[in-house]
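Visitor: Please take one strand and look at it closely. Tell me what pairs with it, and then what surrounds it.

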Amino acid sequence: MKRLFSIVLCILLCGCIFIGCSSGEADQNSVGSSSYEMERTQIDESAPAVPEDSKAAPATEERFGSKIIYYSTLRIETTKFDDSYTALSEAIKKNGGYIAQSNQSGGYNGVGEYSMRYAYFELKIPAEQFDAFLEQSASFGNVVSRQDSSQDITSSYIDIEARIAALKVQEQRLLELLQQANDIESVLTIEAQLAEVRYQIESYTAQLNQFDMLVDYSTISIELVEVTTFISPNTKTFGQELRDAFVGSWQVAVSFLRGLAIVLIYLLPFLIFVGVILLILLPIFKRNRAKRAARLADQRAAYEQQRAVFEQQRAAAAQQAPAVSAETAGENPYVKQPKKK
């Protein structure tokens with residue numbers, strides 16, 4: 001029973017660990033989503049349901065037209081990073097857009113090492129200039145990948161408009177009731193309801209303004225990556241691959257030697273300090289080693305001398321001992337004699 005209980009407990013623990021790992025991976029995947037996916041989630045959650053008892057005239061798609069948000073993601077490689085950066089900045093201004101956020105990394109670091117530069121841009125481009133800007137992206141460098149998408153928020157936009165219209169009707173009724181109120185308690189109650197209605201109107205109006213901004217300005221995400229060379233995979237030959245491999249290995253070797261030289265220069269004061277200490281301590285070590293060798297030699301000589309004396313004493317004792325004859329050996333009582341017949 002104890003063994004069975006232990007096996008069941010191990011299975012339960014393994015299951016808990018597996019569930020924890022799965023949830024951790026799910027959290028990491030949710031954290032790594034792009035900014036425009038977060039905007040999409042906010043848009044979907046912000047669309048309220050229109051109350052059934054609303055007497056306001058519902059809005060129609062013909063009244064507002066289609067409300068579509070456009071997104072695009074580009075990855076661009078360039079061998080002239082500064083020129084591509086300048087061309088991208090000029091294209092943003094030319095099309096009336098702006099940079100929502102950006103970051104850049106790479107270049108020379110504190111020790112003089114150079115790494116390929118990388119820049120990320122999240123742009124807001126007017127919707128009417130969306131296609132024109134994407135057509136100009138080929139002038140920034142080699143477009144490695146491009147992904148376009150769109151989101152139709154027409155129904156959500158209409159729902160919020162209808163909600164605002166219903167709340168405005170309710171606000172007008174509350175104002176009429178406020179004028180007819182005769183006691184303070186009724187006035188306070190109506191004013192509290194009126195404040196809540198106006199708060200909801202302002203909240204939904206802010207959501208509409210956000211929708212208008214997302215519709216009017218499309219979101220374009222661009223990754224600008226600096227490379228040494230870029231060749232289309234369809235035209236790359238075996239010779240070009242060998243050349244790229246040789247150039248890459250040579251650049252790695254040069255970078256390693258440069259880094260090694262810089263590290264040695266940084267370590268030079270420390271190496272000099274260690275060298276001075278070794279120059280001071282080395283003679284001391286040599287003297288101690290010589291003394292130790294002499295002491296060992298003296299001990300070995302004394303040992304050999306004692307051994308020679310012992311051998312001499314042993315030889316002298318062997319010469320002075322009387323020889324034992326066969327007869328004496330036969331009469332020895334401690335020696336077993338054979339029986340006489």
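Guide: Two strands count as paired if DSSP finds at least two bridges between them. Keep in mind that this is a predicted model. The strand to look at is β5, residues 217-226.

Start with burial. Eight of the 10 residues of β5 are buried, so the strand is largely enclosed by the rest of the structure. For the chain as a whole, 21% of the 341 residues count as buried.

Now the partners of β5. One is β3, joined to β5 by nine bridges and running antiparallel to it. Within this pairing, Lys124 has Thr219 of β5 as its bridge partner. The other is β1, which pairs with β5 in the parallel sense over eight bridges. Here Leu74 is matched with Ile222 of β5. In a regular strand, side chains alternate between the two faces of the sheet.

Follow β1 to Thr78. This threonine sits in β1, which covers residues 68-78. Thr78 has a relative accessible area of 3%, so it is buried, the cut-off being under 20%. Its contacts lead back to the strand we began with. Leaving aside residues up to four places away in sequence, Thr78 touches Leu224, Val225 and Glu226, as well as Val227 and Phe230. Ser84 and Phe140 are also among the residues that Thr78 touches.

Next, go from β5 to β3 and beyond. β3 spans residues 114-126 and pairs with β2, residues 98-108, in the antiparallel sense over nine bridges. In that pairing, Asn103 has Tyr120 of β3 as its bridge partner. β2 and β3 form a hairpin, with five residues between them. Gly112 lies in the turn and has a positive phi of about 85°.

Gly112 also lines the largest pocket, and so do Glu113, Tyr114, Ser115 and Met116. The rest of the lining is Thr228, Gln251, Val254, Ser255, Arg258 and Gly259. β3 and α8 (238-320) each supply at least two lining residues. The most come from α8, which gives five. By class, the lining has three nonpolar, six polar and two charged residues. The pocket volume is about 270 Å³.

Now the helices. Phe211 belongs to α7, residues 184-216. At 1% relative accessibility, Phe211 is buried, because the cut-off is under 20%. Its C-alpha atom is 8.2 Å from that of Ile153, although the two are 58 residues apart along the chain.

Helix α6 covers residues 154-180. At 1.5 Å a residue, its 27 residues should span 39 Å; the end C-alpha atoms are 40 Å apart, which agrees. The buried residues of α6 include Tyr157, Ile158, Ile160, Ile164, Leu167 and Leu174. Polar and charged side chains appear in that buried set too, among them Ser156, Arg163 and Glu171.

Finally, the whole chain. It has nine helices and five strands. Along the sequence the pattern is α-α-α-β-α-β-β-α-β-α-α-β-α-α. Of the contacts with a separation of 6 or more, 80% are between residues 24 or more positions apart. β5 itself has β3 as an antiparallel partner and β1 as a parallel one.

How values were computed. Residues numbered from 1 in each chain as written. Predicted model: local features only at pLDDT ≥ 70, side-chain atom pairs only at ≥ 80, totals over all residues. Heavy atoms only, no water. Helix = DSSP H or I, 4+ residues; strand = E, 2+ residues; numbered from the N terminus. Expected span 1.5 Å × (residues − 1). Buried < 20%, exposed > 50% of the residue type's maximum accessible area, 1.4 Å probe, protein only. 1 Å grid on protein atoms, 1.4 Å probe; cavity = no way out; pocket = protein on both sides within 12 Å on 5 of 7 lines; lining within 4 Å. Points joined across faces, edges and corners; volume = space filled by probe spheres on them. Contact = heavy atoms within 4.5 Å.
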